[in-house]
Amino acid sequence: MRRNFSELLKKRNLLSVRRSGIDENRVQGFLLGYSRNLVLIHYVYDFRLDGLMIFNRNDITSISSDKTDLFQTEILKNADSFGVVDFNIECDLSNWQSALSSLCNLKRFLVVEDEKSDYPLFYIGEVIKIDKDHIDIMEFSGAGNWDKDASTVYFEDISCVQIGNNYANVYEDYFAGTP
């Protein structure tokens, strides 16, 4: 599969990621980087760029660029969305600690998911601390209320991280405008 990643990275086309057992739907995006452990894409949802997404490489059951992806790449190029994708982004994808340290300065808020547990977990907020085996996130609710204490999320439990996605960006704009 390593050769496949290398070829997909060079081609800069939209691709589809499948993670059987985690998500029945494919995830589309532009491949920005990969390592033995993690994969970074610029996520695309319904023809809209939706921030950066990092997956555990071991969770990926297939990654490809089919005829639909190629056609939709052309649509995005014609809509000028393609030019926004930063294919030269620098991110150390060696492990979660290095990846989050590389990317957390891009946006204030991020989304962290544990989709593999019996009760999938969704964390949204600001990273307070990045340690060798976990991160601490100061979360807020959908109603905009901050939790009193930070949540600790262990890297071994993370299945996906999103940074700069539309959902978190709306809250970031909201909190920037409130006293």
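**Notebook: strands, cores, cysteines, pocket**

I started with Arg19, which is found in strand β1, residues 14-19. The model I am reading is a predicted one. Is Arg19 buried or exposed? Arg19 counts as buried, because its relative accessibility is 2%. I then listed what Arg19 touches, leaving out residues up to four places away in sequence. The list is Phe55, Asp59, Ile60, Thr61, Glu115, Ser159 and Cys160.

**Cysteines**

Cys160 was on that list, so I looked it up next. Cys160 is buried too, with a relative accessible area of 2%. Which cysteine sulfur is closest to that of Cys160? The closest one belongs to Cys91, and it is 13 Å away. That is too far for a bond, because a disulfide needs the two sulfur atoms within 2.5 Å. I counted disulfides by this rule and got 0. Cys91 is in none either; its nearest cysteine sulfur is that of Cys104, at 9.7 Å.

**Thr73**

I moved to helix α2, residues 67-78, where Thr73 sits. Thr73 has 0% relative accessibility and therefore counts as buried. Where does the side chain of Thr73 reach? It reaches the backbone nitrogen of Leu14, at 2.8 Å. Leu14 belongs to the residue range of β1, 14-19. Beyond four places in sequence, Thr73 touches Arg12, Asn13, Leu14 and Phe30.

**Cores**

Phe30 led me to the largest nonpolar core, which has 31 residues. Phe30 is one of the residues with the most contacts inside this core; the others are Leu40, Trp96, Leu100, Leu110, Val112 and Val161. I checked which elements supply at least two residues each. They are β2 (23-34), β3 (38-45), β4 (48-56), α3 (96-103), β6 (109-114), β7 (121-130), β8 (134-139) and β10 (160-163). Which element gives the largest share of this core? The answer is α3, with 4 residues. Nonpolar side chains tend to be buried together in soluble globular proteins.

I took Leu40 as a sample. With neighbours within four places set aside, Leu40 is in contact with Phe30, Leu31, Leu32, Gly33, Leu52, Met53, Ile54, Ile89, Cys91, Leu93 and Leu103. I also noted a second, separate core of 15 residues. Among its members are Val27, Leu31, Ile41 and Met53. Leu31 and Met53 are thus in the second core and also on the contact list of Leu40.

**Helix α3**

I went back to α3 for its buried residues. They are Trp96, Ser98, Ala99, Leu100 and Leu103. What covers them? The cover includes β3, β4, β6, β7, β8 and β10. At the N-terminal end, Asn95 caps α3. A side-chain oxygen of Asn95 lies 3.1 Å from the backbone nitrogen of Gln97.

**Largest pocket**

I looked up the largest pocket and found about 360 Å³ of space in it. It is lined by 19 residues. Which of them are closest to the centre? They are Asp23, Arg26, Val27, Tyr43 and Tyr45. Val27 also appears in the second core. Two or more lining residues come from each of β2, β3, β4 and β10. The largest share, 5 residues, comes from β2.

**Asn145**

My last stop was Asn145, in the loop between β8 and β9 (151-154). Asn145 is partly exposed, because its relative accessible area is 48%. Outside four places in sequence, it touches Glu139 and Phe140.

Notes: Residues are numbered from 1 along each chain as its sequence is written. This is a predicted model: local features need pLDDT of at least 70, side-chain atom pairs count only at pLDDT 80 or more; totals for chains, interfaces and linings use all residues. Side-chain values use heavy atoms; hydrogens and water are left out. Buried means under 20% relative accessible area, exposed over 50%, partly exposed in between (1.4 Å probe, protein chains only). A polar contact is a pair of N or O atoms within 3.5 Å; within protein, one must be able to donate a hydrogen and the other to accept it, and residues adjacent in sequence count only if both atoms are side-chain atoms. Contact means heavy atoms within 4.5 Å. A nonpolar core is a set of buried Ala, Val, Leu, Ile, Met, Phe, Trp, Tyr and Cys residues joined through side-chain atoms within 4.5 Å. On a 1 Å grid over the protein atoms alone, a cavity is a set of points where a 1.4 Å probe fits but cannot get out, and a pocket is an open set with protein on both sides within 12 Å along at least five of seven lines; lining residues have an atom within 4 Å of a point. Grid points are joined across faces, edges and corners, and a volume is the space filled by probe spheres set on the points.
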